[in-house]
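Colleague: Mind walking me through how to read a few features in this one? I'd like the general idea and then the case itself.

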Amino acid sequence: MSRSRGRRYDETPKLNLKKVFATIIAIIVLIMIIVSLKNLFINTDNTKDVSSLTTYVSVYENNKWGVIDNKGNIIVDCNHDEMVVVPDKNKALFICIENPNYSNDTYTTKIINEKGEKILTEYNMVQPLENTDGLTSWYESNVLKFEKDGKYGLINFDGKIILDAIYDNLYALQGSEKSIIIENAGKKGLVSTAMGEVIIPAEYQEIKSLTKNYDDGYIVKDDSNKYGVISPDKSIILETKYDDIKNITGNDYYVVSENGVLEIINGKGEVILNSGFETVEEINADYFIITIGGKYGVISKTGETKIEPKYDFLKNSFSNNYIAKLNGKTGIINEPSNQIIGFSYENISYIKEANFFKAENADFTTDIIDSSFNIVLNNIIVSELNIDNGYLRIRNSNEYKYYNLKLEEKTNKEILTTNTLFLVKENGKYGYENKAGKRVVDCIYDDAKEQNEFGYCAVNKDGKWGVLGANGSVIEDPNNDFNDYLYIDFIGSWHKHKDLKLNVYTK
């Protein structure tokens with residue numbers, strides 16, 4: 001891997017040669033889905049037009065790195081050998097690597113603002129805290145790592161100390177937001193950035209999330225190799241006396257191994273069940289998805305069989321309804337094993353925040369099934385499912401349509417409320433109109449995309465791509481051959497890098 005293309009940060013102050021192109025955001029393809037599950041309400045800044053927002057993104061040109069804003073203006077010159085990190089796209093704070101030494105794999109950092117001025121200069125080795133859940137990657141919000149006298153602490157973006165530099169190391173707990181592992185003398189603890197304090201002292205061999213939701217607590221392992229659970233409020237949920245604890249919980253139930261026996265216990269440590277199953281896969285109120293002989297079924301807390309263990313896979317959706325796989329096909333059943341949706345799909349997923357099912361057909365099309373199990377949309381291609389902004393965008397017979405999360409059809413103007421331009425199609429060609437319905441760009445393009453979050457519109461003519469500004473003016477004529485690009489997007493004359501593992505733009 002070429003050094004000239006830049007690196008990200010490791011957990012220690014050394015160049016991380018293996019994580020150069022670590023994923024920052026999920027790959028976006030026409031038939032792929034962007035599902036954001038972290039925030040159900042629109043940020044107040046989103047009430048403004050996209051063209052009025054100021055955001056920042058890393059760019060890469062001629063083997064050098066820099067930063068631009070959403071107007072395409074160069075904020076940090078492209079003269080850096082390493083990636084200039086933008087920890088928060090809405091914050092003018094940029095982290096640059098200086099003095100890289102490739103022989104001993106070390107470097108220093110410099111923090112600058114949008115004017116190129118050094119900031120946070122009273123702190124050494126300021127770094128972002130990168131996290132990932134295996135699908136997407138992000139930087140921990142409003143928190144940075146710094147070094148002092150060989151020890152590490154935390155500051156916020158304004159330079160206020162959150163945690164004194166008294167630890168041998170600290171890094172994000174992978175897959176869990178607002179959770180930072182601290183290390184001293186080989187022992188681990190945990191800081192909650194939500195609470196701004198240490199909630200688990202550095203006394204444990206291992207700490208991991210109980211679930212993806214940090215509110216559910218953390219599994220800890222002590223010096224005797226026993227496991228327990230600690231709550232974010234610092235209280236001990238389960239004493240460290242178990243041989244293992246599975247990463248599932250619900251309704252104050254936990255799955256543990258004790259003296260070689262798998263048990264379902266409650267928060268008081270009382271055994272609910274310790275027989276009638278081989279594994280426990282999911283907890284739904286007082287019901288448990290279990291396996292016997294590799295087959296999935298459901299039992300109650302009294303051990304009563306609710307669904308015979310005969311399925312290849314089971315997952316609860318809501319209430320007593322389950323997504324089930326049988327003989328290679330997927331359907332939906334309820335608790336007595338009544339078939340609600342036939343076993344005809346390749347895969348079915350329940351979108352909890354939208355309260356509907358996405359069912360994949362063998363021909364790569366999708367059916368959308370509502371919570372009453374009616375097929376509302378049939379044989380469509382889902383081009384975007386955006387929980388944050390509450391809409392579903394589909395393609396059917398080369399036409400794009402929008403729906404809210406109640407599956408009511410809406411216009412693009414009703415859905416894309418911060419846009420200044422809206423895609424229209426006429427006689428097989430594409431153009432744009434404004435919010436008032438006035439035609440701003442004539443329908444002269446062979447293909448086009450809706451205005452992006454930065455205010456730009458990608459347009460295609462004769463197989464080449466160009467870009468329009470927020471008012472419809474031509475910024476760059478269609479002259480870019482992007483035939484082998486999976487995703488096409490612009491910020492001014494900068495376009496999304498071909499390698500989607502890089503969340504950067506280039507020329």
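Modeller: Sure, starting with polar contacts: a pair of N or O atoms within 3.5 Å, where within protein one must be able to donate a hydrogen and the other to accept it, and residues adjacent in sequence count only if both atoms are side-chain atoms. This is a predicted model, so local features need pLDDT of at least 70 and side-chain atom pairs 80 or more, while totals for chains, interfaces and linings use all residues. Residues are numbered from 1 along each chain as its sequence is written, and side-chain values use heavy atoms, leaving out hydrogens and water.

Colleague: Which side chain does the side chain of Glu450 make a polar contact with?

Modeller: That of Tyr402, at 3.5 Å. Glu450 itself lies in the loop between strands E42 (447–448) and E43 (457–461); strands are DSSP runs of E, at least two residues, numbered from the N terminus.

Colleague: What about its charge: which side chain of opposite charge is nearest to Glu450?

Modeller: Arg393, 5.0 Å away. Lys and Arg count as positive, Asp and Glu as negative, with His and the chain ends not counted. A salt bridge needs a side-chain nitrogen of Lys or Arg within 4 Å of a carboxyl oxygen of Asp or Glu, and Glu450 has none, though it is buried (under 20% relative accessible area; over 50% is exposed, in between partly exposed; 1.4 Å probe, protein chains only).

Colleague: And how do I read aromatic pairs?

Modeller: By the distance of the centres and the angle of the planes. Rings of Phe, Tyr and Trp (its six-membered ring) pair with centres within 6.5 Å; under 30 degrees is stacked, over 60 edge-to-face, the rest tilted. That rule gives 15 pairs here. Tyr60 and Trp65 make a tilted one, 4.7 Å and 45 degrees. Tyr60 is buried at 7%, as is Trp65 at 0%.

Technical notes: Helix = DSSP H or I, 4+ residues; strand = E, 2+ residues; numbered from the N terminus.
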